[in-house]
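Here are some short exercises to try with the structure open beside you. Have a go at each task before reading its solution.

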Amino acid sequence: MRYFSITTTIAVVLALVFCTLSSTEALRVHQGFADLPKKVEEAERSVKIESRIVGGEIAAEGSAPWQVTLQNQYGNHYCGGVIVGDRYVLTAASCVAGQQKRNIKVITSTNDWMGEGWMYEVDEVYTHCNFDKPLYHNDIALLRTATYFAFDEKTKSITMAELDELKVGDVVTMTGWGNWEVGQSYFPEDLKKLTGTVISNEECKRIYGKYSDDVDDGHICVQPPQGSGACHGDTGGPLVDAKGRLVGIGNWGVPCGHGFPDVFAKVSFYNDWIRTSIRGCLNA
């Protein structure tokens, strides 16, 4: 179904209302951020207010053809996703858990979430059975669309990394329509991309101190440049390695744009679950 987003004043008003009322924490902000270790709080205060921009750059048209925007019934973006099959989108469980599938729309073929693209209805939602057990773990979900994707130059499926081949220092790229500024009340229209470097989970745990248990073997931690990082609206979006393979799905982080590590679900860790879900071997 060809989709044309509303670009009138009404759409803007609905977007603002949705951003205020949405129950999705995207990017999930750790609820205990106010209690983070002193060294992290001091690092936050050292970031100049004018540098609190997510950073990165606007992605070239068609440079991330696997990227999708998840939108609600009003046509407003709230999370990212990535095409991994002819009818399947991988995203974060925190984006779709508890939602009616009829209210989730998958939009492809666009770098402008309010622009022209292809809209697909969702006919099945698979969330990991241990999502948030414990909290901030197993934040991964799979959506099956009602119809097959119309693949072209702007709509493609991405290859998933089967093995955990990432090394500390590897450069990876995240994309999304998340906020560009701290406290921004709307999602910018243009898709942005940002590169960061993989850090060890041990280093990530050290930075997060008392919340180190929220990082496990199913996570990848990425260190963005200072004053940059994933933000609200980027949850569920792709993390891609230098070979163009999907290695992560956006999960959680501290308030965005401060340069603290962003935490992603490790795709290779969940390969068996993804394949089993696609084969229809899990209960819906």
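**Exercise 1.** In this predicted model, is Cys-204 buried or exposed?

*Solution.* Start with the relative accessible area of Cys-204, which is 0%. Buried means under 20%. Cys-204 is therefore buried.

Now try the same step on two other cysteines. Cys-221 has 0% relative accessibility, so it counts as buried. For Cys-129 the value is 59%, so this cysteine counts as exposed.

**Exercise 2.** Find out what links Cys-204 and Cys-221, and which parts of the chain the pair ties together.

*Solution.* First, look at the sulfur atoms: those of Cys-204 and Cys-221 are 2.2 Å apart. A disulfide needs cysteine sulfur atoms within 2.5 Å, and this pair forms one.

Next, look at the torsion about the S-S bond, which is -80°; the link is left-handed.

Finally, place both ends. Cys-204 sits in helix H4 (residues 201-208) and Cys-221 in strand E12 (residues 219-223), so the disulfide ties together parts 17 residues apart in sequence.

**Exercise 3.** The count comes to two disulfides. Describe the one formed by Cys-79 and Cys-95.

*Solution.* Begin with the distance: the sulfur atoms of Cys-79 and Cys-95 are 2.1 Å apart. Then take the torsion about their S-S bond, about -85°, which means that this disulfide is left-handed. As for location, Cys-79 belongs to strand E5 (residues 77-83) and Cys-95 to helix H3 (residues 93-96), 16 residues apart. Both Cys-79 and Cys-95 are buried.

**Exercise 4.** Which residues touch the most other members of the largest nonpolar core?

*Solution.* This core has 43 residues, and those touching the most other members are Leu-70, Val-84, Leu-90, Val-96, Val-106, Leu-143 and Leu-246. Among the elements that give two or more residues to the core are E5, H3 and helix H5 (271-278).

Now zoom in on Val-96. Leaving aside neighbours within four places in sequence, Val-96 is in contact with residues including Leu-70, Tyr-78, Ile-104 and Leu-143.

There is also a second, separate core of twelve residues, and Cys-221 is one of its members.

**Exercise 5.** Why do the buried residues of H5 line one face of the helix?

*Solution.* List them first: Asn-271, Trp-273, Ile-274 and Ser-277 are buried in H5. Then look down the axis of H5: these buried residues fall within an arc of 165°, so they line one face. What covers them includes E6, E8 and E9. Just after H5, you will find Gly-280 with a positive phi of about 80°.

Definitions and conventions: Residues are numbered from 1 along each chain as its sequence is written. This is a predicted model: local features need pLDDT of at least 70, side-chain atom pairs count only at pLDDT 80 or more; totals for chains, interfaces and linings use all residues. Side-chain values use heavy atoms; hydrogens and water are left out. Helices (H or I, at least four residues) and strands (E, at least two) are DSSP runs, numbered from the N terminus. Buried means under 20% relative accessible area, exposed over 50%, partly exposed in between (1.4 Å probe, protein chains only). A nonpolar core is a set of buried Ala, Val, Leu, Ile, Met, Phe, Trp, Tyr and Cys residues joined through side-chain atoms within 4.5 Å. Contact means heavy atoms within 4.5 Å. The arc is that of the directions from the helix axis to the C-beta atoms.
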